[in-house]
Amino acid sequence: FIEDPAGNTDVTDIDFDKVVFLCNMDGANGGTTFTDESYSGHTISVRGSATSATARKKFGTASLDTDAPASGLFAADSDDWDFDTGDWTIECFILRLNDGGNTAFEYFLAQWTTASSNRSWALVNDKPGGRIKLLISETGAATTYTMNGTATIDDDTWYHIAADYDGTTIRLYVDGVVVATQADGALHMFASNQEMSIGGRASHDLNFEGNIDEVRITKGVARYAGAFDPPVKPFVENLSGN
């Protein structure tokens, strides 16, 4: 297990060894340094005018502000984003701003591009419908599944968004509520060679104009596999410093 230096056991994450990306988005207001706190230690690069914002955050000191065109974060292609046939969980908190922006989809966590040959997965805000979507491709070209959340999301409200796969069922969640499911006992995610992007997609467009906090990707386990209580504190960091 993971234990903080003070010996507090309430921060334990028994699946931390399977976390391949974790960014709490903490930092100074207007900061441009973001750190992957997983053991993988991926380099996080800034695109456009994305910064940390202390005025709007879910936990910690700040969140990622992507309220500008073509702004966000990205990490280079990695086997960590290739889920293949295994279990996985992707999740984050989002706050959508009521300021216009894109009129169609807004990608906020994805390994997806406009090129219809290199797509894998994406969490998307369907702005006209006010719903969350999960996109999955097994071929890299066609979208195998477009899972539409049943719940609408409001502006200026923090939501925990997650999706996972347990070997039999894909689930999409908003605040711990299952809003879409897809049965598939043989899911084979396409191994894209694109970057993993936060706040947009690899083609640098249709970015999410708002704030994103607590991004975590877990490979090898479906953390929820059903309804759950959404997190009430920051995700556990790599407290060992390794």
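Colleague: Let's start with a lysine: is K133 buried or exposed?
Modeller: Happy to, with the reminder that this is a predicted model. K133 has a relative accessible area of 7%. The cut-off for burial is under 20%, so K133 counts as buried.

Colleague: Which strand holds K133, and which residue of strand 8 that touches K133 also has a relative accessible area of 0%?
Modeller: K133 has its place in strand 9, residues 131-136. Beyond four places in sequence, K133 touches F105, A122, L123, V124, D126, T146, M147, N148 and L172. Strand 8 covers residues 121-126 and includes V124. The residue with a relative accessible area of 0% is V124.

Colleague: How far apart in space are V124 and F108, C-alpha to C-alpha?
Modeller: Leaving out residues up to four places away in sequence, V124 touches F105, E106, Y107, F108, R131, I132, K133 and L135. F108 is therefore a contact partner, with heavy atoms within 4.5 Å. V124 and F108 are 16 residues apart in sequence, and their C-alpha separation in space is 6.0 Å.

Colleague: F108 makes me curious about the nonpolar core. How many residues are in the largest one?
Modeller: Nonpolar side chains in soluble globular proteins tend to be buried together. Here, W88, I90, I94, F108, L109, L134 and I198 touch the most other members of the largest core. The number of residues in that core is 43.

Colleague: And how many residues are in the other core that lies apart from it?
Modeller: Among the members of that other core are Y107, A110, W112 and L135. Two of these names, Y107 and L135, also appear among the residues that V124 touches. The number of residues in this other core is six.

Colleague: Which methionine is in contact with I198, and what is its phi?
Modeller: Beyond four places in sequence, I198 is in contact with F21, M25, L64, G72, L73, F108, L109, I212 and V215. The methionine in that list is M25, and M25 sits in the loop between strand 1 (19-23) and strand 2 (45-47). M25 is buried, with a relative accessible area of 1%. Its phi is positive, in a residue other than glycine, and is near 65°.

Colleague: D156 has a positive phi too. Is D156 buried or exposed?
Modeller: The phi of D156 is near 60°. D156 lies in the loop between strand 10 (145-152) and strand 11 (158-165). With a relative accessible area of 54%, which is over the 50% cut-off, D156 is exposed.

Colleague: Let me turn to the cysteines. How many disulfides are there?
Modeller: A disulfide needs two cysteine sulfur atoms within 2.5 Å. The sulfur of C92 is 11 Å from the closest cysteine sulfur, in C23, so the pair is too far for a bond. C23 is buried, with a relative accessible area of 1%, and C92 is buried, with 0%. The count of disulfides is zero.

Colleague: How much space lies in the largest cavity?
Modeller: The structure holds one cavity of 30 Å³ or more. Its lining has 13 residues, of which R47, S71, G199, G200 and N207 lie nearest the centre. The space in this cavity is about 50 Å³.

Colleague: Which strands each supply at least two residues of the lining, and how many of the lining residues are polar?
Modeller: Strand 5 (72-75) and strand 14 (196-198) each supply at least two of the lining residues. The lining includes three nonpolar and three charged residues. The polar residues number seven.

Colleague: L206 is in the loop after strand 14. How far in space is L206 from S40, C-alpha to C-alpha?
Modeller: The loop that holds L206 runs between strand 14 and strand 15 (210-219). L206 is partly exposed, with a relative accessible area of 23%. L206 and S40 are 166 residues apart in sequence, and the distance in space is 28 Å.

Colleague: One last pair: how far apart in space are K233 and E214, C-alpha to C-alpha?
Modeller: K233 lies in the segment after strand 15. It is partly exposed, with a relative accessible area of 39%. K233 and E214 are 19 residues apart in sequence, and their distance in space is 9.6 Å.

Notes. Residues numbered from 1 in each chain as written. Predicted model: local features only at pLDDT ≥ 70, side-chain atom pairs only at ≥ 80, totals over all residues. Heavy atoms only, no water. 1 Å grid on protein atoms, 1.4 Å probe; cavity = no way out; pocket = protein on both sides within 12 Å on 5 of 7 lines; lining within 4 Å. Points joined across faces, edges and corners; volume = space filled by probe spheres on them. Helix = DSSP H or I, 4+ residues; strand = E, 2+ residues; numbered from the N terminus. Nonpolar A, V, L, I, M, F, W, Y, C, P; charged D, E, K, R; others polar. Core = buried A, V, L, I, M, F, W, Y, C linked by side-chain atoms within 4.5 Å. Buried < 20%, exposed > 50% of the residue type's maximum accessible area, 1.4 Å probe, protein only.
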